[in-house]
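Q: Please take a close look at the polar and charged contacts in this model. Cover the ligand site and the pairing of charged side chains.

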Amino acid sequence: MKLSEPYSANSSFNEELVIAGVSATALVKEFGSPLFVIDEQDFMERATAWRKALDKHFGAHAGTVYYAGKSFLNKEVVRWVNSAGLGLDACSGGEMAVAASVDFPPSHIELHGNNKSEAEIRTAISSGVGTIVMDSFHEIERVARIASELGTIQKVLLRLTAGVEAHTHEFISTAHEDQKFGFSIASGAAWRAIEATMAEKSLTLAGLHSHIGSQIFISEGFEVAATRLIALLAKYRDHFDAQLPELDLGGGYGIAYLPGESSLVPDDVLADISAIVKSECAKQNLAIPKISIEPGRHIVGPTTTTLYEVGTTKNVELDAGATRRYISIDGGMSDNIRPSLYGAKYTALLANRLSTSDVVNSRLVGKHCETGDIVIREIDLPGDITPGDLIAVPATGAYGRSMANNYNHIPRPAVIAVKDGKARLITRRESINDLLALDI
Ligand SMILES: *Cc1c(COP(=O)(O)O)cnc(C)c1O
């Protein structure tokens, strides 16, 4: 039986979980547990869907789909991103180094960050990074100085806060922006940043950028942000008698984590955004700028399933005769910190066999020394789950491995790519020796 969202596109359950033709049992037998299993074809199709939808809705005005590398990055993923024709949104020297290590074209990189170091800026400019997104007045000066020292002219965008806060199913349009990123439009900082950038001979201002949030399911937030950015493009045109050619509307497109949810559809959201961009540009009598976007979670999140092995179980009596079953797996907040960090919700299934037992109220917990080390707070799982069973948690591709940590000196899991019945290691499991090698 084929599994639907939130399981990756090529997942099925026939006596056990099978991902892209490889069974959960075979994966853990060969590569150990816990394990991040990424469905390669699903990744390529999701990346391509964004590229195609941007081309379809913006035609000659389609800019770049930048994959947000912070959601999950390794060398193989950079190769996939390149072969799908996407650019890369990087926000540190480390992320740029992964790209450089596999010869990703630097001109297809966009560098973000609210506090890029001198060294990161120098690396970006000297390696030919296509775009640097400016985040502060200090940075405008800093990037201009370094570009000038290196004898080049650097293309930049300005990151603006458009007074839009988007969360999953709602958005709030505000005037004031209480956050660390970017220049606020409402306060006039955005305009001053435009003037400051225009005054630097070693910078070319190509356009404006905004990223309104993450895990968003409605287009209105993007539409309000686009409208405010386009109004600023018009002000620029009136003042400088020229038009800025680019607009980058960021990422944040929502995905399914739980059964019954569904991921946002690239073709739909870009249809909505393009309608607004076109009508606002017409209103302002502006040429349509090149539109770029930066999806991260939507490309990689649904592609990946984490496999864990059950170590212990216990039943706890709650009030009124209810029982909760604690199921402890061999990972937890070190490989998926999102539930502890901001209450993110996931689902799970028994992956290595078909159970006919009744389901019981269960809590899936990790092996770390924290009561809050909970992967799933409340879930119905078969009552006969026992040590040695495998548990699969789907939709862990984004901000799972990339936020993984070594709490309790637990080595971080391997990442396996599966496709057409074949599995291969693309990031090896960390070893205790890797951790010990850091200490003097
Ligand atoms: C995090 C981030 C993204 C990607 O967000 P997703 O929710 O993963 O799509 C894109 N652009 C910027 C500037 C970001 O900070």
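A: The answer goes from the ligand to a lone buried acid, then to the salt bridges.

Keep in mind that this is a predicted model. Start at the ligand. Its surroundings comprise 15 residues. The closest are K70, S214, E294, R297 and Y399. Sorted by class, this shell has seven polar, five charged and three nonpolar residues.

Specific atom pairs fill in the picture. In E294, a side-chain N or O atom sits 2.6 Å from a nitrogen atom of the ligand. H211 also faces a ligand nitrogen, with a polar side-chain atom at 3.4 Å. Y399 addresses an oxygen atom of the ligand instead, its polar side-chain atom lying 2.6 Å away. How much of the ligand surface does the protein bury? The ligand taken alone exposes 390 Å², and 94% of that is buried by the protein.

Now the lone acid. D373 sits in the loop between β20 (359–365) and β21 (374–382). D373 is buried, yet it has no salt bridge. The nearest side chain of opposite charge belongs to K367, 9.3 Å away. A salt bridge requires a nitrogen within 4 Å of a carboxyl oxygen, so a partner at that distance does not qualify. What does the side chain of D373 reach instead? It reaches backbone nitrogens: that of H368 at 2.7 Å and that of K367 at 3.1 Å. K367 thus appears twice, with its backbone nitrogen in contact with D373 and its charged side chain 9.3 Å off.

Next, the charge pairs that do form. The structure holds 16 salt bridges. Among them is R122 with E149, whose closest N and O atoms are 2.8 Å apart. R122 belongs to helix α5 (residues 118–127) and E149 to helix α6 (residues 137–149), so this pair ties together parts 27 residues apart in sequence. Both ends are partly exposed: R122 because its relative accessibility is 31%, E149 because its value is 47%.

A second pair joins E246 and K155, again with 2.8 Å between the closest N and O atoms. This one links distant parts of the chain, 91 residues apart. E246 lies in strand β15 (residues 246–248), K155 in strand β9 (residues 154–161). Here the two ends fall into separate exposure classes. E246 counts as buried because its relative accessibility is 17%, which is under the 20% limit. K155, at 26%, counts as partly exposed.

A third pair stays within one helix. K283 and E280 meet at 2.9 Å, N to O. Both lie in helix α9 (residues 266–284). They are three residues apart, about one turn of the helix. Is each end buried or exposed? K283 is exposed, because its relative accessibility is 65%. E280 is buried, because its value is 10%.

Salt bridges can also share partners. E40, E76, R79 and R424 are joined in this way into one network.

To recap by region: the ligand is 94% buried by the protein, D373 contacts the backbone nitrogens of K367 and H368, and charge pairs tie helix α5 to helix α6 and strand β15 to strand β9.

Key:
Residues numbered from 1 in each chain as written. Predicted model: local features only at pLDDT ≥ 70, side-chain atom pairs only at ≥ 80, totals over all residues. Heavy atoms only, no water. Near = heavy atom within 4 Å. Polar contact = N/O pair within 3.5 Å; in protein donor to acceptor, adjacent residues only side chain to side chain. Areas by Shrake-Rupley, 256 points an atom, 1.4 Å probe, with all protein chains shown as cover. Nonpolar A, V, L, I, M, F, W, Y, C, P; charged D, E, K, R; others polar. Helix = DSSP H or I, 4+ residues; strand = E, 2+ residues; numbered from the N terminus. Buried < 20%, exposed > 50% of the residue type's maximum accessible area, 1.4 Å probe, protein only. Lys, Arg positive; Asp, Glu negative; His and termini not counted.
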